[in-house]
Amino acid sequence: MDELFDYRLDALNYKERFIRFMVDNGMLRFGEFTLKSGRISPYLIHSGYNLTGSRVSKLGAFYAECIREHGIEANCLIGTDNREIPLVIAVSMTLFNKYGIDTSHCVDFNIPNISFASHEITLITDTFTSGASLCAAMESVKNGTNKYPSDVVVCVDRMESTEDAAFSAKREIENRFGTVIHPIVNADDILKAMENGVISAGEYQEKFKAYLERYKGA
């Protein structure tokens, strides 16, 4: 079916396939959106948008591929948001079925889990802008497990600076919590996909580029 619809998936790299997947499934949308940070953005990332079983499975496969690519020792996968629950399970199942990596996963801190004490924790989440929601998720994990995640896997790093610093939210959070954030793709990858014709944003391509130039952190 992919070939019939001219997806050219064999010609796309890993990051391009994921960006195409997000656009095709409404996870990446272009328009005018007010973010939690108060910024007016020409694009929005929403990993929980209109996902069917097949889409959750494919999304989980991309996260698993990112974990594999970066050599993350994902002994225990955790999600802190309701929409992350099926994703965490999909990632865990893909890691085992495709790579033979058997991990624990947690979606409820009230259930005792020995992996909290004996293993490193990997937080599975969607995206972040100013970093406020991700910081809250980090603290939630710490409160529930008595440790911060060693790694965080996100679908998109918007590469934006924080409200009170020139540094990117990614860099600020990594320094603050001693964690490592692994995005499947970042804003530069999305812009490159537009320029290479992998996806089309129409009038919003130039707005996307201008927004990134204005808010991109160091």
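Is Asn25 buried or exposed? In this predicted model, Asn25 has a relative accessibility of 13%, so it counts as buried, the cut-off being under 20%. Asn25 sits in a loop, with helix 1 (14–24) on one side and strand 1 (28–34) on the other. Its side chain isn't left without a partner: a polar contact at 2.8 Å links the side chain of Asn25 to the backbone oxygen of Phe21.

Next comes strand 5, which covers residues 121–124. Generally speaking, side chains in a regular strand alternate between the two faces of the sheet. Here, Ile121 and Leu123 point one way, while Thr122 and Ile124 point the other way. Whichever way they point, all four of these residues are buried.

Strand 5 also has partners. One of them is strand 3 (residues 76–78), which pairs with strand 5 in the parallel sense over three bridges. In this pairing, Ile78 stands opposite Leu123 of strand 5. Another partner is strand 7 (residues 151–157), and here too the pairing with strand 5 is parallel and runs over three bridges. This time it is Thr122 that stands opposite a residue of strand 7, namely Asp151.

That leaves the cysteines. Cys66 has a relative accessible area of 0%, so it falls in the buried class. Cys155 comes out at 0% relative accessibility, and therefore counts as buried as well. As for cross-links, a disulfide is a covalent bond between the sulfur atoms of two cysteines. A search of the whole structure turns up zero disulfides.

Conventions:
Residues numbered from 1 in each chain as written. Predicted model: local features only at pLDDT ≥ 70, side-chain atom pairs only at ≥ 80, totals over all residues. Heavy atoms only, no water. Helix = DSSP H or I, 4+ residues; strand = E, 2+ residues; numbered from the N terminus. Buried < 20%, exposed > 50% of the residue type's maximum accessible area, 1.4 Å probe, protein only. Polar contact = N/O pair within 3.5 Å; in protein donor to acceptor, adjacent residues only side chain to side chain. Disulfide = S-S within 2.5 Å. Pairing = 2+ DSSP bridges.
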